[in-house]
Amino acid sequence: MKKWIDISQPLHNRIAVWPGDTPFHYEVSWSKADSGSVNVGKLTMSTHTGTHADAPFHFTDDGQRILDLDLERFIGPARVVDVTAFSVLTAADLAGVPLEGVTRLLLKTRHSCNPQEFPSRILQLDPDVAPFLAEKGILLLGVDIPSVDLLDSKELPVHHALLASHVQIVENLVLDAVEPGDYEFIGLPLPLQDSDGSPIRAVLRPL
Ligand SMILES: N[C@@H](CC(=O)c1ccccc1NC=O)C(=O)O
Ligand SMILES: [Zn+2]
Ligand SMILES: [Zn+2]
């Protein structure tokens, strides 16, 4: 059996966050020395820091929350496709990519990512990708960038198009060391009842 590959950004105090968002902070708030018994940590973070899933509530007030999401989407086969050659990606571009039978698509949009640096430019996805993916039977789209929309977008057309097409969004994957191909994927959100997003521990195992 092949080994699982971690495709998650390590969460630590120097991880990059969305400009202006809550910095990630972990500290031991109660030390073994103080308590005489245990170290206990305290965590402060945004729900969109590191490798994470978006809930529809992130961009629609009446949208589903993290705990409402179907776990089946977050476990199962996935295809990794290299789109590093594109700065704009449309449905027409994806028409040349074999996607028959694919239910989860992970797009490798850059050769390397430094999770401690917020990117200045990212791939521009065309909203027409969403209905195209849904038509192929894709349930989840994962990207190795902080957003499926452009960084300065306020309307978030790609987020909305993916929601309309029932495609789950996963962002900030680490695909640097991952070859294009077919894998088993697991990336479960935490059971955050009311949340608009959740960190996930995303892993792949070659099929
Ligand atoms: N759409 C991005 C996040 C995002 O837009 C964002 C995240 C944290 C703080 C502010 C954000 N957007 C503000 O306009 C995402 O889904 O991760
Ligand atoms: Zn997000
Ligand atoms: Zn998002």
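## Overall size and make-up

The radius of gyration used here is taken over C-alpha atoms, and the rule for a globule is 2.2 Å times the number of residues to the power 0.38. With 207 residues, a compact globule would by this rule have a radius of gyration near 17 Å, and because the chain has 17 Å, its value agrees with that expectation. The structure is a predicted model, and its C-alpha atoms fill a box of roughly 60 × 45 × 35 Å along the principal axes.

The secondary structure of the chain comes to four helices and twelve strands. Of the 207 residues, 34% count as buried. Among contacts between residues at least 6 apart in sequence, 76% join residues that are at least 24 apart.

## Strand 7 and its partners

Strand 7, which covers residues 104–108, is mostly covered, with five of its five residues buried. In a regular strand the side chains alternate between the two faces of the sheet. Here R104, L106 and K108 lie on one side and L105 and L107 on the other, and all of them are buried, so that both faces of strand 7 are covered.

Strand 7 pairs in the parallel sense with strand 5 (residues 75–82) over four bridges, and within this pairing R79 stands opposite L105. Four bridges also join strand 7 to strand 9, and these two strands run parallel. L105 stands opposite L141 in strand 9, and L141 in turn has I169 of strand 10 as a bridge partner.

## Strand 10 and the crossover

Strand 10 spans residues 168–171, with Q168 and V170 pointing one way and I169 and E171 the other way, and all four residues are buried. Two bridges join strand 10 to strand 4 (residues 52–54), and this pair runs antiparallel; in it, H52 stands opposite E171. Strand 9 (residues 140–143), by contrast, is joined to strand 10 by three bridges and runs parallel to it. From strand 9 the chain crosses through helix 4 (residues 157–164) to strand 10, and this β-α-β crossover is right-handed.

## The helix between the strands

Within helix 4, the residues V158, H159, A161, L162 and L163 are buried. An α-helix has 3.6 residues a turn, so residues three or four places apart point the same way. The cover over the buried residues of helix 4 includes strand 4, strand 8 (124–125), helix 3 (129–136), strand 9 and strand 10. Helix 4 is followed by H166, whose phi is positive, near 60°.

## An open strand

What is the number of buried residues among the six of strand 2? The number is zero, so strand 2 (residues 25–30) lies largely in the open. Strand 2 nevertheless pairs with strand 3 (residues 40–44) in the antiparallel sense, over five bridges, and Y26 has L43 in strand 3 as its bridge partner.

## The surroundings of ligand 1

The residues around ligand 1 are W18, D21, S46, H48, D54, H58, P146, S147 and E171. By class, this shell has two nonpolar, four polar and three charged residues. E171, one of the residues around ligand 1, is also a buried residue of strand 10, where H52 of strand 4 stands opposite it.

Definitions and conventions:
Residues numbered from 1 in each chain as written. Chains lettered and ligands numbered in written order. Predicted model: local features only at pLDDT ≥ 70, side-chain atom pairs only at ≥ 80, totals over all residues. Near = placed C-beta within 6 Å. Nonpolar A, V, L, I, M, F, W, Y, C, P; charged D, E, K, R; others polar. Buried ≥ 20, exposed ≤ 12 C-beta atoms within 10 Å, placed from the backbone. Pairing = 2+ DSSP bridges. Right-handed = clockwise from strand over helix to strand, strands pointing away. Contact = placed C-beta atoms within 7 Å.
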